[in-house]
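Load the model, show side chains as sticks, and follow the selections below in order.

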Amino acid sequence: MPLGIPIVWSDRCLLHEPGGEVWIGVPIPGDEVPARAVVIRDVLVAAGAHVVETQAHGDEALLAVHDAALVDFLRTAWDRWTAAGFPDDPGQNRVVPYIFPHPALVEASAATIPAATSARTGFYAFDTMTPIGAGTWEAIRAAADAALTAADLVLGGARIAYACTRPPGHHVTRGAYGGSCYLNNAAIAAQYLRDRGVPRVGIVDIDAHHGNGAQSIFWERADVFTASVHVDPAAGWFPHFLGLAEETGSGEGTGMNLNLPLAPGTGDDGWVEAVETLLTPVQADALVVALGVDAAEEDPESPLRVSAAGFRAAGRLLGALGRPTVVVQEGGYDLATLGSLVLAALEGMDEGSD
Ligand code: SP5
Ligand code: ZN
């Protein structure tokens, strides 16, 4: 049977070429590459999925979860960088930060946006692994539009819709980007559903890394439940500073964030059980699934050891909730298995919702 879940696509999501990333000061190849989206799309199309073209949306949906200053920075960063001449001198053809407003640096005064183009990036970026090049903004915008188009499909009656896109988004907070992510596509889709009358939205993040962006954006909100299962940041994994079980929200959002950190090496049994535990408290009228498949055994970016059967099982659990569901692609970096892992998760959701 063909995959019954529509997949939302735009060729523009391929225009972002990270051209490597800087880790501990060293340029390394980087694995958030355009081919990721292509291999996923090709496997899903071969499985009979119906492809829907991404529709452009206005900036309001972005500005509903992000600071205007972050959106404006991302839109203009490449042009400012080239105007400053950095591609020629010192020969850096990506926008990369070098100084950051560390809280203990700026404690005596509110950090202000630096005048120097070289320093501005550190006001918005929280790592050195998320470069901006010539085509990055167009791809960022296409990814957000893909998530919004999937949300439109669900609002229009589709039970499940999948945004097959990149760059991913789940590490981005209201005002800062990083972790190979630029705008928080899943959070944008969740807020869009809220703004179109869905009373309670649940964001379920099964990427191998903590979904710190949605946690932060909805931290004090009672109307968006955020839940993430991920490799334990305290055991030495990105995003290192967040993702612990004690982080449960505050104010009106108290109890509305759930983190399930897992030990490195956790495989299907522990991971699928954790997904089930993660879903237990979710009371929502619609779901947004941040579908990273980097928890896979083969993946170079995480020590979790989940198989395609594990992703299928997680998909069934998600589908069995019986909620309208927007699925947004996040991480997953092993090009040989990426497509089949996403297919397994989506097929599981499709079965689980019968
Ligand atoms: C969307 C997503 O999955 N973002 C996660 C990005 C995590 N990147 C952390 C990279 C840490 C250093 N990796 C170096 C690999 C060297 N082989
Ligand atoms: Zn990840």
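Select the zinc ion (ligand 2) and the side chains of D207, H209 and D294. In this predicted model, these residues supply the protein donors of the zinc ion: D207 appears twice, each time through OD, H209 gives ND1, and D294 gives OD. The donor atoms lie 2.0 to 2.8 Å from the zinc ion. Written along the sequence, the spacing of the donor residues is D-x1-H-x84-D.

Now colour the chain by secondary structure and keep H209 and D294 selected. H209 is in the loop between strand 6 (201-205) and helix 7 (212-217). D294 is in the loop between strand 9 (286-291) and helix 9 (308-320). The two residues are 85 residues apart, and the pair links distant parts of the chain.

Next, select ligand 1 and the residues around it. There are 14 of these, and the ones that come nearest are H171, G179, H209, D294 and Y333. By class, the shell holds six nonpolar, five polar and three charged residues.

Which side chains should be checked for N or O atoms facing an oxygen atom of ligand 1? Two zinc donors, H209 and D294, are the ones to display. From the side chain of D294, an N or O atom is 3.0 Å from an oxygen atom of ligand 1. For H209, the corresponding distance from a side-chain N or O atom to an oxygen atom of ligand 1 is 3.3 Å. Add H171, where a polar side-chain atom lies 3.3 Å from a nitrogen atom of ligand 1. On its own ligand 1 exposes 500 Å², of which the protein buries 77%.

Switch on a surface for the protein. The largest pocket is the space that ligand 1 takes.

Leave the ligands and turn to the backbone. Most peptide bonds are trans, and most residues other than glycine have a negative phi. Three places depart from this pattern.

- Select D89 and P90: the peptide bond between them is cis, with omega near 20°. P90 is in the loop between helix 3 (68-83) and helix 4 (117-124).
- Select R166 and P167: this peptide bond is also cis, with omega near -5°. P167 is in the loop between strand 5 (160-163) and helix 6 (185-195).
- Select I24: its phi is positive, near 45°. I24 is in the loop between strand 2 (21-23) and strand 3 (26-28).

Technical notes
Residues numbered from 1 in each chain as written. Chains lettered and ligands numbered in written order. Predicted model: local features only at pLDDT ≥ 70, side-chain atom pairs only at ≥ 80, totals over all residues. Heavy atoms only, no water. Near = heavy atom within 4 Å. Polar contact = N/O pair within 3.5 Å; in protein donor to acceptor, adjacent residues only side chain to side chain. Areas by Shrake-Rupley, 256 points an atom, 1.4 Å probe, with all protein chains shown as cover. 1 Å grid on protein atoms, 1.4 Å probe; cavity = no way out; pocket = protein on both sides within 12 Å on 5 of 7 lines; lining within 4 Å. Sits in = over half its atoms within 2 Å of the grid points. Nonpolar A, V, L, I, M, F, W, Y, C, P; charged D, E, K, R; others polar. Donors = N, O, S within 2.8 Å, 3.2 Å for Na, K, Ca; no water. Helix = DSSP H or I, 4+ residues; strand = E, 2+ residues; numbered from the N terminus.
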